[in-house]
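The exercises below are meant to be worked with the sequence and the model side by side. Try each task before reading its solution.

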Amino acid sequence: MSEQAEHVECLIIGSGPAGFTAAIYAARADMKPVMYEGLQPGGQLTITTEVENYPGFPHGIEGPEMMTLFKEQATRLGADIRFGLATATDLSKRPFRVTVDETKEIIADTVIIATGASAKWLGIPSEEKFKSNGGGVSACAVCDGFFYRGKEVAIVGGGDTACEEASYLAKICKKVYMIVRKDHLRASKAMQHRVENTPNIEILYTSTTKEILGDQVVDGAIITNTETNSDRKLDIQGFFVAIGHTPNTTIFKGFIDLDEQGYIKTIPGTTRTNIPGVFACGDAQDKVYRQAVTAAGTGCMAALDAERFLAEQPVEEGVQGNGL
Ligand code: NDP
């Protein structure tokens with residue numbers, strides 16, 4: 001055990017709706033939870049606008065405000081919420097070891113993983129070139145749309161996120177091109193109708209991005225129509241990517257059973273992973289529902305599962321599989 005090692009009963013990694021709900025339940029169960037908030041305190045909801053579908057908020061609530069309320073509630077009930085990023089784990093035996101910010105070691109009797117998911121990128125070199133320092137490529141319309149007020153922009157993706165962000169951008173920007181690789185949108189019918197009926201949104205179907213153009217900042221993009229095999233240049237100043245997410249589970253690889261996309265496998269109907277004492281909740285283990293309310297629900301389950309586990313299992317060395 002290193003000098004800085006600290007022993008905790010219940011360690012929660014991640015601070016979205018799942019993590020905070022786990023913290024609320026664990027604190028009320030007197031498990032003295034310690035939470036590390038991660039790179040994006042509050043999680044993905046901090047980069048959304050209005051949340052209209054979380055029960056209890058009849059008039060909707062802004063995502064960041066909602067997460068501030070979650071945090072306040074968890075803190076008031078006694079959760080110890082800290083800024084810091086879990087950078088490595090050793091889950092080979094109990095108690096578990098988690099390294100925070102590459103320096104601090106936490107020894108935990110139980111671990112609740114609530115690390116969520118992060119935006120995916122196209123992976124073309126010109127995207128990489130403009131991704132940082134306000135170059136003009138972004139994965140968050142709500143965060144960065146403001147910078148393109150009155151300008152022309154493009155957004156890639158045909159799912160609900162892309163449609164939602166295209167609608168958001170259409171209110172700010174002069175023109176929004178949606179670049180959709182198939183000949184149809186994947187989004188829900190309601191979202192499809194919304195973008196189709198917005199006059200300043202133009203949907204480019206069967207289209208892919210060949211290159212994003214510009215010197216220091218984006219000033220255009222070459223889009224290929226894969227049906228006609230022809231290219232078109234868009235004169236845009238902003239380029240948004242909304243093509244889905246990747247679960248933040250890399251530090252658990254080798255210990256926790258993950259599916260082919262990296263989502264944590266849990267025993268159906270529970271938040272138990274293949275390692276007894278390690279539980280997973282929220283988007284890190286959910287590629288189907290991915291809603292704030294479902295994440296919060298699984299956060300509650302994780303805390304209850306951890307509480308029962310601690311009551312039944314004394315801390316001992318060695319790990320038995322959960323049989324996933
Ligand atoms: P989705 O996975 O649903 O959609 C991703 C979109 O990006 C698809 O159109 C996909 O195309 C496209 N795509 C993926 N990779 C690439 C690529 N490399 N190049 C070009 N296009 C690509 O992700 P979302 O983030 O939109 O949604 C995630 C989940 O969250 C969904 O279940 C959604 O319903 C939900 N959601 C709900 C909202 C709400 O209820 N208000 C709001 C936002 C999201 P293809 O169709 O060809 O695979």
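The centres of domain 1 and domain 2, taken over C-alpha atoms, are 32 Å apart. This is a predicted model, in which local features need pLDDT of at least 70 and side-chain atom pairs count only at pLDDT 80 or more, while totals for chains, interfaces and linings use all residues. Residues are numbered from 1 along each chain as its sequence is written, and side-chain values use heavy atoms, with hydrogens and water left out.

**Exercise 1. Find which residue ranges make up each domain.**

Solution. Begin with domain 2, which covers 121–241. Then take domain 1, which is given as 6–118 + 245–312. These bounds come from an automatic or database domain assignment.

**Exercise 2. Work out the strand order and the pairing sense of the open sheet of five strands.**

Solution. Helices (H or I, at least four residues) and strands (E, at least two) are DSSP runs, numbered from the N terminus, and two strands pair if DSSP finds at least two bridges between them. The order is 10-17-11-12-13, with parallel pairing. At the edges lie strand 10 (137–138) and strand 13, each of which pairs on one side only. Next, follow strand 12 and strand 13, whose parallel pairing runs over four bridges; Val176 has Ile201 of strand 13 as its bridge partner.

**Exercise 3. Describe the open sheet of three strands and its twist.**

Solution. Here the order is 14-15-16 and the pairing is antiparallel. Strand 14 (207–214) and strand 16 (230–234) are the edge strands, each pairing on one side only. From one strand to the next the twist averages 25°, where axes are lines fitted to C-alpha atoms, for helices over the stretch in contact, and angles run from 0 to 180 degrees between N-to-C directions. Strand 15 (residues 218–225) pairs with strand 16 over five bridges in the antiparallel sense, and Thr224 has Asp231 of strand 16 as its bridge partner.

**Exercise 4. Compare the reach of helix 5 with its expected span, and say what covers its buried residues.**

Solution. Helix 5 (residues 160–172) has 13 residues, and the expected span is 1.5 Å times one less than that number. The helix reaches 19 Å from its first C-alpha to its last, close to the expected 18 Å. Its buried residues (under 20% relative accessible area, with exposed meaning over 50% and partly exposed in between, for a 1.4 Å probe and protein chains only) include Ala162, Cys163, Ala166 and Leu169. Their cover includes helix 4 (141–144), helix 6 (189–196), strand 11 (152–156) and strand 12 (175–179).

**Exercise 5. Locate Glu37, decide whether this residue is buried or exposed, and find its polar partner.**

Solution. Glu37 sits in the loop between strand 2 and strand 3 (50–51). Its relative accessibility is 7%, so Glu37 counts as buried. Its side chain makes a polar contact of 3.0 Å with the side chain of Lys71; such a contact is a pair of N or O atoms within 3.5 Å, where within protein one must be able to donate a hydrogen and the other to accept it, and residues adjacent in sequence count only if both atoms are side-chain atoms. Leaving aside residues up to four places away in sequence, Glu37 also touches (heavy atoms within 4.5 Å) others, among them Phe20, Ile81 and Phe83.

**Exercise 6. Locate the cis peptide bond and state its omega.**

Solution. The cis bond joins Arg94 and Pro95, with omega about -10°. Pro95 is in the loop between strand 6 (86–90) and strand 7 (96–100).
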